[in-house]
Amino acid sequence: MRRREEITTKVVGKVERFDQADTAFTKAVKGLLGEKAQRAFTAEREEPFSRVFFGSPRHDNAINALISDFADGQINPNKITIADPTAMSEKIKEVAKFFGADLVGITHLDQSYVYSHKGAYRDFIRGEFGQEINLPHKYAICLGKEMDYRMMRGGHSYIDSAEVGRTYAVVANVAIQLAAYIRELGYPAKAHFLTHEEVMHVPLAIKAGLGELGRMGIMLSREYGPRLRLATVTTDLPLAIDMPVDIGVQDLCEKCKKCALNCPAGAIPKGEKTVVRGVEKWKLDEERCLRFWCSNPSRWMSCSNCITVCPWNKPDVWYHHMTVLFVERWALARTLILYIDDLLYGKRPSYKVKWLDYVKE
Ligand code: SF4
Ligand code: SF4
């Protein structure tokens with residue numbers, strides 16, 4: 001895997017901090033994306049898994065809401081001495097994997113990727129909405145958790161929604177436990193995860209070498225492609241950082257447009273990159289995407305078509321590992337893989353998946 005000084009997505013200007021209240025989710029809650037989207041995020045959800053994972057009026061049953069109060073805690077006053085930050089980084093990665101992470105990388109906490117103000121739905125409930133965020137930690141430990149391949153082929157339906165919610169809960173728990181472990185070493189540490197986050201996970205994870213930004217607007221990792229959920233721990237524990245990676249995603253996404261062609265909302269650009277807040281990238285239209293999520297609440301509450309169809313999203317098998325080896329090294333392989341993927345999995349794949357009493361035709 002090639003490591004490099006800079007991320008593969010070009011930074012061409014100043015990256016201004018972003019107010020969390022301007023995310024599509026918060027706009028939906030405020031009613032700025034229409035009545036249907038507002039109802040989807042504020043009224044009682046139709047399906048039990050989505051109430052358990054994404055919010056129930058019965059607070060005690062909403063797992064991701066319950067854990068949101070455990071992001072931070074007391075610091076052990078008996079601080080250990082760290083003589084070798086590189087060895088500590090290796091240890092922290094092992095600890096994170098012990099708690100359940102599949103991928104771990106470490107980077108400096110770039111303040112450009114700390115939200116300027118709190119603006120999530122849970123912040124509103126906590127009475128913290130609009131508060132300025134001051135997060136002076138030095139490092140970000142970026143955590144990735146794989147989502148189940150078969151269940152993600154059940155998108156868009158309640159099958160993939162359940163898997164997304166479950167994985168968010170798992171990676172949040174990893175972050176909570178890792179932050180607590182670091183505080184027990186005597187250093188400040190805070191967990192950031194769905195329902196309690198002050199940082200933007202994707203750009204930090206890319207800086208930490210977990211993957212590259214793809215056309216669909218999320219990170220593609222070498223191991224799992226886009227089939228991951230992320231969380232972050234920020235801390236002052238002395239650590240050594242990882243370098244970003246170049247695994248060939250920019251060239252592959254330039255040639256491939258499979259996610260854009262299969263997006264039911266037309267939210268993924270088929271054309272060139274544009275400059276967004278100082279970064280040259282393919283700009284996902286999050287508002288269109290989210291409106292689609294909320295368009296038929298009796299059948300789905302989210303969508304994973306882009307993740308499912310991506311040629312990099314394959315099961316953890318030896319021939320996928322071989323393919324990745326070729327794709328990250330040779331431009332020709334990045335052309336060939338697209339033909340092979342269409343041949344084996346179809347240009348417009350539609351998978352039939354059954355799980356419990358749910359069916360995705
Ligand atoms: S999640 Fe669905 S609607 Fe959103 S960008 Fe991906 S394919 Fe499009
Ligand atoms: S589907 Fe193709 S264009 Fe989209 S992120 Fe995956 S490789 Fe890139």
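Author: Let's fix our terms before we look around: buried means under 20% relative accessible area, exposed means over 50%, and partly exposed is what falls in between. Keep in mind that this is a predicted model.

Reader: Fine. So how do I read Arg277: buried or partly exposed?

Author: Arg277 has a relative accessible area of 27%, so it counts as partly exposed. There's a backbone quirk here too: Arg277 has a positive phi of about 45° although it is not a glycine. You'll find Arg277 in the loop between β9 (274–276) and β10 (279–281).

Reader: Where does Thr195 lie, and what is its phi?

Author: Thr195 sits in the loop between β4 and α9 (201–207). Its phi is positive, about 85°, and again the residue is not a glycine. At 18% relative accessibility, Thr195 comes out as buried.

Reader: While we're on the backbone, which peptide bond is cis?

Author: Look at the one from Gly155 to His156, where omega is near -5°. His156 belongs to the loop between α7 (149–152) and α8 (158–184).

Reader: On to salt bridges. How many does the structure hold?

Author: The rule is a side-chain nitrogen of Lys or Arg within 4 Å of a carboxyl oxygen of Asp or Glu. This structure holds 28 of them. Take Asp102 and Lys145, whose side chains meet at 3.6 Å, N to O. Asp102 is in the loop between α5 (85–99) and β2 (103–108), while Lys145 is in strand β3 (residues 139–146), so this pair ties together parts that are 43 residues apart in sequence. Asp102 is partly exposed at 22%, and Lys145 is buried at 17%.

Reader: And in which helix do Asp251 and Lys255 lie?

Author: Both are in helix α10 (residues 249–255), 4 residues apart, which is about one turn of the helix. Their side chains form a salt bridge at 2.8 Å, N to O. Asp251 is partly exposed at 25%, as is Lys255 at 33%.

Reader: What about Lys283 and Glu286?

Author: Those side chains also meet in a salt bridge, 2.8 Å from N to O. Lys283 is partly exposed, with a relative accessible area of 33%, and Glu286 is partly exposed at 38%. Elsewhere, salt bridges that share partners join Lys118, Asp123, Arg126, Glu128, Lys190 and Glu198 into one network.

Reader: Where is the place of Lys190 in that network's surroundings?

Author: Lys190 is in strand β4 (residues 189–192). It is buried, with a relative accessible area of 14%. The C-alpha atoms of Lys190 and Thr232 are separated by 8.4 Å, although the two residues are 42 apart along the chain.

Reader: Back to the strands. How do β2 and β3 pair?

Author: As a general idea, side chains in a regular strand alternate between the two faces of the sheet. Here, β2 and β3 pair in the antiparallel sense over 6 bridges. Thr107, for instance, has Ala140 in β3 as its bridge partner. Of the 6 residues of β2, 5 are buried, so the strand is largely enclosed by the rest of the structure.

Reader: Now the rings. How many aromatic pairs does the count come to?

Author: It comes to 14 aromatic pairs. Phe98 and Phe99 make a good worked case: the ring centres are 5.6 Å apart and the planes are at 50°, so the pair is tilted. Phe98 is exposed at 69%, whereas Phe99 is partly exposed at 22%. Ring pairs also link Phe49, Phe53, Tyr158, Trp355 and Tyr358 into a cluster.

Reader: And which charged end sits over the ring of Tyr351?

Author: That one is Arg153, 3.8 Å from the ring centre. Likewise, the charged end of Lys314 sits over the ring of Tyr345, 4.1 Å from its centre.

Reader: Last stop: what surrounds ligand 1?

Author: To read a shell, list the residues and then sort them by class. Ligand 1 is surrounded by Cys263, Pro264, Ala265, Ile268, Leu284, Cys289, Trp293, Cys303, Asn305 and Cys306. By class, that gives 9 nonpolar, 1 polar and no charged residues. Helices α12 (286–293) and α13 (305–309) each supply at least two residues of this shell.

Methods: Residues numbered from 1 in each chain as written. Chains lettered and ligands numbered in written order. Predicted model: local features only at pLDDT ≥ 70, side-chain atom pairs only at ≥ 80, totals over all residues. Heavy atoms only, no water. Near = heavy atom within 4 Å. Nonpolar A, V, L, I, M, F, W, Y, C, P; charged D, E, K, R; others polar. Phe/Tyr/Trp six-rings, centres within 6.5 Å; stacked < 30°, edge-to-face > 60°. Buried < 20%, exposed > 50% of the residue type's maximum accessible area, 1.4 Å probe, protein only. Lys NZ or Arg CZ within 6 Å of the ring centre and 35° of its normal. Pairing = 2+ DSSP bridges.
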